[in-house]
Amino acid sequence: MSHALKLQELLGENISLITDPDITASYSHDQAPFASSAPPFAVLLARSAQEISIALKYANEHHIPVVTRGAGSGLAGGANSTDASLVISLEKMNRIISIDEQNQIARVQAGVINLDLDNAVKEHGLAYLPDPASRDWSTLGGNAATNAGGMCCVKYGVTAAHVRAMQVVLANGQVIELGSDTKKSVTTYDLLHLFVGSEGTLGVITELTLNLEVRPQSPATLVATFPNINLAASASSALLKFRPSMLEIIDQTTLNAVEAWHPLGFEVSGAVLIMQLDENKDQCEAALEVCKEFKLIDGVFSDDPADTADLIRVRKMAYPALERMGATLLDDVALPISEIAHFVEKVEKLSQESGLVIGIFGHAGDGNMHPTIVHGHGDAKAAAKAIEVFEEIVRIAQSLGGTASGEHGIGLIKTKLIGNEISPTVIELQRDIKRVFDPNNILNPGKKFLS
Ligand SMILES: Cc1cc2nc3c(=O)[nH]c(=O)nc-3n(C[C@H](O)[C@H](O)[C@H](O)COP(=O)(O)OP(=O)(O)OC[C@H]3O[C@@H](n4cnc5c(N)ncnc54)[C@H](O)[C@@H]3O)c2cc1C
């Protein structure tokens, strides 16, 4: 009997186990453009931890690779499957279980979409703050598994800072609870946060208890232009003292791409910083004074919500504008903020040497940069070159004390690069941890640091 038939028998005939190749193909990869994948032999559309437990127990006994999937919005190939694997999709586990206003927490199933939780808590005057640009379709389980970031994380921290507890199904099918409803807990080793950012390699997250915050006031938004990105990067360090809830940087190449698509008036400047303040709103003038120390060309600000939407348009259009120029590879590295200017210089040089357009934008406030390589559609030689450049960008970041990924994860696409920044001893320790949780290496094999 095939694994699919046996699994269906164990799960019961009412449980959705998809084997139709036309459908399984759509569960075989995420949004990473160059990571390998093949349709899995089956996809379990799980509706409970118990179903996942049954499937994992069987997979563990038969050494079947299992790939956990949220929405598949990942950019590192982390949710990519092979033909020998079983995909467990959490998309149907999308119930907000409880909203506890008094303790400012919510309990959710892992397949809840990030923005759905934020919308649901609005009426209580609360917010779920981590805001990946994919928040209208990525799942909270996927966000936890990648430790997703976003624009407001410069002030409020990435997903890890908002996860209080979780339910996990282990590789052997056991269901465990990690963390606590309390705001503080130092009782055990912090296994909870070991799972945050584990990219589906340690267990399947089925429920989460998440911190809610008092909803911040609508922000004041400031846009400042500088003669070059180095000055803008230096200014961003100096602006941190205003506790921005957003601090984004955009280079000339990206601005040109935006202007060519929708002229917004940035054609003369070298680089732009966009900052939001959701407290200290009266500090915008003072912030512009600071910008003047870095050869500010022009600066505007407003706390009118309609103006804000206009002012941040240029940032929202950054990536789609580059996409209009050709096929794109969006990189993701994190650096000490003091090194952003050096990083940009080196990436610009790489762009000249390789002949490939690289637009640079990112979360300047926390040193998380997204250089985006553009190459011709259908040009295999240029695509291969773009992958080389993508990897070189990671090496540049690492040489400056940075790290291979700030928020998208390692997945399949950066596994060979992490040895540049992590010692063999630490890699071996991480493999030892993996063996404790998943001795048969069935959970997302080949992903993260394990190749
Ligand atoms: C347009 C766009 C914008 C984006 N912007 C951002 C951004 O601003 N910040 C950012 O950090 N990322 C961003 N991303 C990347 C992506 O959205 C995030 O990585 C997101 O957290 C992935 O969530 P997902 O539900 O789609 O997970 P998937 O892509 O399905 O999976 C991602 C990884 O998590 C694992 N996983 C998923 N669910 C679970 C679970 N329940 N238990 C255990 N493991 C699980 C998978 O195996 C995989 O390794 C963006 C992507 C796109 C396409």
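This report walks through the domains, two sheets and the ligand shell of the structure above.

## Overall layout

Keep in mind that this is a predicted model. The protein chain splits into three domains: domain 1 covers 3-89, domain 2 covers 96-214 and domain 3 covers 220-399. Between the C-alpha centres of domain 1 and domain 3 there's a gap of 37 Å.

On the annotation side, an unreviewed UniProt entry marks residues 36-215 as "domain: FAD-binding PCMH-type". Across that stretch, 21% of the chain is helix and 26% is strand. Its end C-alpha atoms sit 41 Å apart.

## The four-stranded sheet

Let's start with the open sheet of four strands, which reads β1-β2-β4-β3 and has mixed pairing. The edges are taken by β1 (17-18) and β3 (66-69). Each of these has a single partner strand, so one side of each has no neighbour in the sheet.

The partner of β3 is β4 (residues 86-89): the two run parallel and are joined by four bridges. If you want a spot to look at, find V67, whose bridge partner in β4 is V87. Helix α3 (residues 49-61) packs on this sheet, where it touches β2 (42-45), β3 and β4. The direction of α3 makes about 165° with that of β4.

## The five-stranded sheet

Next comes an open sheet of five strands, ordered β5-β6-β10-β8-β9, and here the pairing is antiparallel. At its edges stand β5 (96-100) and β9 (175-179); each has just a single partner strand, so one side of each is left without a neighbour in the sheet. Going from one strand to the next, the twist averages 10°.

Inside this sheet, strand β8 (residues 163-169) and β10 run antiparallel, with six bridges between them. A165 is a handy marker, since it faces T209 in β10.

Two helices lie across strands of this sheet. One is α3, already met on the four-stranded sheet: it lies across β8, β9 and β10, at about 50° to β8. The other is α4 (residues 114-122), which crosses β5 and β6 (105-109) and runs at about 40° to β5.

## Around the ligand

So which residues are closest to the ligand? They're G70, G78, G141, G142 and G200, out of 35 residues that surround it. Three elements give two or more residues to this shell, namely β3, α5 (140-146) and β10 (204-211). Of these, α5 gives the most, with five residues.

By type, the shell breaks down into twelve nonpolar, 19 polar and four charged residues. Why does the ligand lie between domain 1 (3-89) and domain 2 (96-214)? Both domains give residues to the shell around the ligand, so that places it between them.

Conventions
Residues numbered from 1 in each chain as written. Predicted model: local features only at pLDDT ≥ 70, side-chain atom pairs only at ≥ 80, totals over all residues. Domains from an automatic or database assignment. Pairing = 2+ DSSP bridges. Contact = placed C-beta atoms within 7 Å. Axes fitted to C-alpha atoms, helices over the stretch in contact; angles between N-to-C directions. UniProt positions renumbered as here; feature names shortened; annotations may be inferred. Near = placed C-beta within 6 Å. Nonpolar A, V, L, I, M, F, W, Y, C, P; charged D, E, K, R; others polar.
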